[in-house]
Amino acid sequence: MNPQKLVWFVPLLPLFGFAFNVFIGTAILRAARKRGEGAEKLVRLLVGLVACGTVGASAVISWILFLHVRETHVALEALLGFDWISVGSGHLQVVAQHKLVVDRLTAVMILVVTNVGFLIHVYSTGYMAGEPRYARYFAYLNLFTGFMLILVMAGNLLLMFVGWEGVGLCSYLLISFWYEKLDNAKAGMKAFITNRVGDFAFMIGVMLLFVYIGSITGTWTVDFGELKHAIGQAHKANMIDGGVMTAVGILLFIGATGKSAQIPLYTWLPDAMAGPTPVSALIHAATMVTAGVYMVARMNFVYAMAPWAMGVVALVGAATALFAGTIAVTQNDIKKVLAYSTVSQLGFMFMGVGVGAWAAGIFHLMTHAFFKACLFLGSGSVIHGMHHEQDIRKMGGLWHKIPLVGACFLVGTLSMGGPLAGMFSKEAIMAKVYEHDRLVWLMLVATAFLTPFY
């Protein structure tokens, strides 16, 4: 089959899983509960198979697309047969299309989302086995995965913003999943409102970029490829105003600070631990919190015209990395240690893209996704084994009780703060930072020492 025909299946399969479980799974699970334990177990198996199977199939297709793009170096595009938004006529014609793109950047991101997401879905079938709202949980998890895929595969800023807002909605639904406890409901609301603050600035940045580039070049578009070409042509003609591009870059980055929990909008992420542990793993490992890093890398053609904005990204990233690392050292809750660790590692990623090391930033995004998912899922097993105790001061000698979890935790720890995968991606970032600013490099060295300590 032509790989281009498979592109739409990547996000649509998880969205089908959502539709099945929200409209059918919840109803038949409710009916099966009245029939007895055997019928309920059968329906739970069906719900889990659909949820995991759709994401697993999406992962297989993602590998096919990745290998095709790697071999041909040609981006794949998939258009739906109608325009989404059409504005104006004649010389002012703006069309936003339902277009998904799989280029080299997207190919890496869909592998991260689908492969990590599949493993978390499978883990959830055991972790949430006794949950009364089992089908609803998997419906939300599938929806989360679908929106993450739309975010990274979108061919224009507006469709990207649909995925951007979609993951914000799903994080609210999943963080406050056990809403019977007031603290959980508050945590979900805090995440939702904090992200809206950043998203407001993000929208202003998108509109400013659209109007500015349209007015100076006559190209009224939100398509990434067309924007990149228009900005390149305007730069050659010395038409670009550095002040406007700096404003656009900073406004977009404010949106990224909300999604990716950077100073000052980082406070929602540790509270997000109120949700089920697999949700924490998906939020921290896949594209929810790394969406800001992906966005900056995707909009590299804007930031290349705004060195001051790149400086802000790098400085905030470095400050967040060190600041969050010091907070992680003081935490006693096993999940909050990992939460502040994520904030710190995101600072590393922003530091990378802020100094122009786009590939290194995305490399660390990918390695972090796998080792942080490993650590979060390991912490879930520890919490289960400790009968929902999360205070690390009450833990010790667990290696002999749960050796497999201990081995997985060791691999995750060595990857984040030792000689495995995370070391190589951090090293790539730090090498580039060393060329730019020795003082900031020393901040990252200090943070790198804090990581294995906590």
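## Exercises on a predicted model

In this predicted model, Gly 218 comes right after helix 7 and has a positive phi, near 80 degrees.

**Exercise 1.** Compare the reach of helix 7 with the span expected at 1.5 Å a residue.

*Solution.*
- Take the limits: helix 7 covers residues 182–217, which is 36 residues.
- Set the expected span at 1.5 Å times one less than the number of residues. That gives 52 Å for helix 7.
- Now check the model. From first C-alpha to last, helix 7 reaches 52 Å, close to the expectation.

**Exercise 2.** Find which residues touch the most other members of the largest nonpolar core, and which helix gives the most to it.

*Solution.*
- The core has 124 residues. Leu 209, Trp 268, Met 295, Met 299 and Tyr 303 touch the most other members.
- Helix 5 (residues 134–153) gives the most to this core, with 15 residues.
- A core of 14 residues lies apart from it; Val 355, Val 433, Leu 444 and Val 445 are among them.
- Next, look at Trp 268. Beyond four places in sequence, its contacts include Ile 175, Lys 190, Thr 194, Gly 258, Ile 283 and Met 288.

**Exercise 3.** Locate the nonpolar surface patch and explain why Phe 363 can belong to it.

*Solution.*
- Phe 363, Met 366, Phe 370, Met 423 and Phe 424 make a patch of about 430 Å².
- Helix 16 (358–385) and helix 18 (421–436) each supply at least two of its residues. Helix 16 has the largest share, three residues.
- Phe 363 sits in helix 16.
- Patch residues need over 30% relative accessible area. Phe 363 is partly exposed at 32%, so Phe 363 passes that cut-off.

How values were computed: Residues are numbered from 1 along each chain as its sequence is written. This is a predicted model: local features need pLDDT of at least 70, side-chain atom pairs count only at pLDDT 80 or more; totals for chains, interfaces and linings use all residues. Side-chain values use heavy atoms; hydrogens and water are left out. Patches are made of residues with over 30% relative accessible area and no salt bridge: like charges are joined within 9 Å, nonpolar side chains (Val, Leu, Ile, Met, Phe, Trp, Tyr) within 5 Å. Accessible areas come from the Shrake-Rupley method with a 1.4 Å probe; for residues, only the protein chains shown count as cover. A salt bridge is a side-chain nitrogen of Lys or Arg within 4 Å of a carboxyl oxygen of Asp or Glu. Helices (H or I, at least four residues) and strands (E, at least two) are DSSP runs, numbered from the N terminus. Buried means under 20% relative accessible area, exposed over 50%, partly exposed in between (1.4 Å probe, protein chains only). A nonpolar core is a set of buried Ala, Val, Leu, Ile, Met, Phe, Trp, Tyr and Cys residues joined through side-chain atoms within 4.5 Å. Contact means heavy atoms within 4.5 Å.
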